[in-house]
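Please walk through this protein with the coordinates open beside the text. The account starts from one local contact, widens to the whole chain, and then returns to individual positions.

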Amino acid sequence: MKILLFGGQGRLGTAIQNKLTQHQYVYPTSQEVNITDKEAVTNYIQKQPVNIIINLAAYNNVDAAEKDSTLADAINTQAPGYIAEATTEKNIPFVHFSTDYVFEGTKKEGYVESDQPNPINAYGKSKWLGEKKVLEKNLQAFIIRTSRLYGPPAKSPNAKRSFVDIVLDLASKESSFTINESEVSAPTLVDDIALHLQKYFLDSLPEPGIYHMSNQGGCTWFEWAKEIVDILNLPVQILPRDQNQQPRPAKRPLFSILHSTKITPMRPWQEALKNYLLHP
Ligand SMILES: NC(=O)c1ccc[n+]([C@@H]2O[C@H](COP(=O)([O-])OP(=O)(O)OC[C@H]3O[C@@H](n4cnc5c(N)ncnc54)[C@H](OP(=O)(O)O)[C@@H]3O)[C@@H](O)[C@H]2O)c1
């Protein structure tokens, strides 16, 4: 299969190419095709003889999006609409990635695909409006929401740093540090998403619409950090930090676990993390 990836040099895009080596890929950088340029997107898609398009490109600096909502809107809301429109014209499937941050985070038991989004920060809002734009422009499109990505390094230096990398970096420099003990969501291994993508979206296509794809379960940032150092037996002390002591520009959902009710759920987050850290 020939696959066009926007944002293909990011963390998830790199994992898809490394895990699913049976396919051929085209993956323009943001320098080659800036997805906020509608004409560039449309012309590029028209010229590419591909079987499917997957959009992984995003503005995903959650705090910066509060001040820079115009750019977040251009990349996360308008651009997916341009791709959706071009894929409709070309009559090929379109898979667009979104986030648990579309939810407000008050539902402790987690969210299913049909729950009503109600984002509480600019990033979440831009991603939710992007989902709506995609489904409005392409009735056959697929939206995949995921959360807290980590895994092998991305090809692009612009890719978002993962929490696992941040914790490992801190652990290599400090003997003790504090981590936010709130916000429950699921750490998700990008390699697991790649394999699920193959099974449920590339082997054969499901019904169009919204899907959830995160490793099962959930934890706070503190619990995640503890699990990382425990698995690797690192000689560091991690202490819980009350997030109110260190406010950030963007509010975060307190509980944003994604339940997958339309495709088989992925393995538990602890199992994926252990596998990644011990057998990278
Ligand atoms: N990271 C997370 O924890 C997380 C959580 C939930 C959902 N998601 C979603 O999952 C998807 C993949 O995330 P990721 O972590 O793999 O992203 P990432 O590693 O940060 O990579 C994002 C990519 O977006 C591209 N990009 C940004 N602006 C662009 C523009 N104007 N034109 C073209 N490309 C542009 C960048 O391309 P260049 O490198 O060429 O500049 C970069 O490679 C995104 O939709 C994200 O919102 C991520």
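**From a helix start to the whole fold**

In this predicted model, a polar atom in the side chain of Thr 42 lies 2.7 Å from the backbone oxygen of Lys 38. Thr 42 belongs to helix α2, which covers residues 38-47. Because an α-helix has 3.6 residues a turn, residues three or four places apart point the same way. The relative accessibility of Thr 42 is 17%, and this residue therefore counts as buried, the cut-off being under 20%. Looking further along the chain, Ala 58 is 16 residues from Thr 42 in sequence, and the two C-alpha atoms are 18 Å apart in space.

Stepping back from that helix, the reader will find nine helices and 10 strands in the protein chain. The radius of gyration is 18 Å, close to the 19 Å that the globule rule gives for 280 residues, so the chain is as compact as a globular protein of that length. Measured out along the principal axes, the C-alpha trace spans about 55 × 35 × 35 Å. Of the 280 residues, 52% are buried, and among the contacts with a separation of 6 or more, 81% join residues that are 24 or more positions apart. The chain exposes about 12,900 Å², of which carbon and sulfur atoms supply 48%. As for charge, there are 29 positive and 30 negative charges, and their mean positions are 2 Å apart.

Burial can also be followed within a single element. Helix α7, residues 190-202, is mostly covered, with 11 of its 13 residues buried. Among the buried residues of α7 are the charged Asp 191 and Asp 192, as well as His 196, Gln 198, Tyr 200 and Phe 201.

The loops offer a further set of positions to examine. Asn 138 sits in the loop that runs between α5 (122-137) and β5 (142-146), and with a relative accessibility of 4% this residue counts as buried. The side chain of Asn 138 reaches the backbone nitrogen of Gln 140 at 2.8 Å. Leaving aside residues up to four places away in sequence, Asn 138 touches Ala 84, Thr 87, Thr 88, Ile 92 and Phe 94.

Asn 91 is found in the loop between α4 (69-90) and β4 (94-99). Although Asn 91 is not a glycine, its phi is positive, at about 60°; its relative accessibility is 69%, so Asn 91 counts as exposed.

What is the phi of Glu 183, a residue other than glycine? The value is positive and near 65°. Glu 183 lies in the loop between β7 (176-180) and β8 (188-189), and with a relative accessible area of 5% this residue is buried, whereas Asn 91 is exposed.

A last pair links two separate stretches of the sequence. Lys 108 is placed in the loop between β4 and α5 and counts as exposed, at 60% relative accessibility. Along the chain Lys 108 and Val 184 are 76 residues apart, while their C-alpha atoms are separated by 8.6 Å.

Note on methods: Residues are numbered from 1 along each chain as its sequence is written. This is a predicted model: local features need pLDDT of at least 70, side-chain atom pairs count only at pLDDT 80 or more; totals for chains, interfaces and linings use all residues. Side-chain values use heavy atoms; hydrogens and water are left out. Helices (H or I, at least four residues) and strands (E, at least two) are DSSP runs, numbered from the N terminus. The radius of gyration is taken over C-alpha atoms; the globule rule is 2.2 Å times the number of residues to the power 0.38. Buried means under 20% relative accessible area, exposed over 50%, partly exposed in between (1.4 Å probe, protein chains only). Contact means heavy atoms within 4.5 Å. Accessible areas come from the Shrake-Rupley method with a 1.4 Å probe; for residues, only the protein chains shown count as cover. The place of a charge is taken as NZ of Lys, CZ of Arg, CG of Asp or CD of Glu. A polar contact is a pair of N or O atoms within 3.5 Å; within protein, one must be able to donate a hydrogen and the other to accept it, and residues adjacent in sequence count only if both atoms are side-chain atoms.
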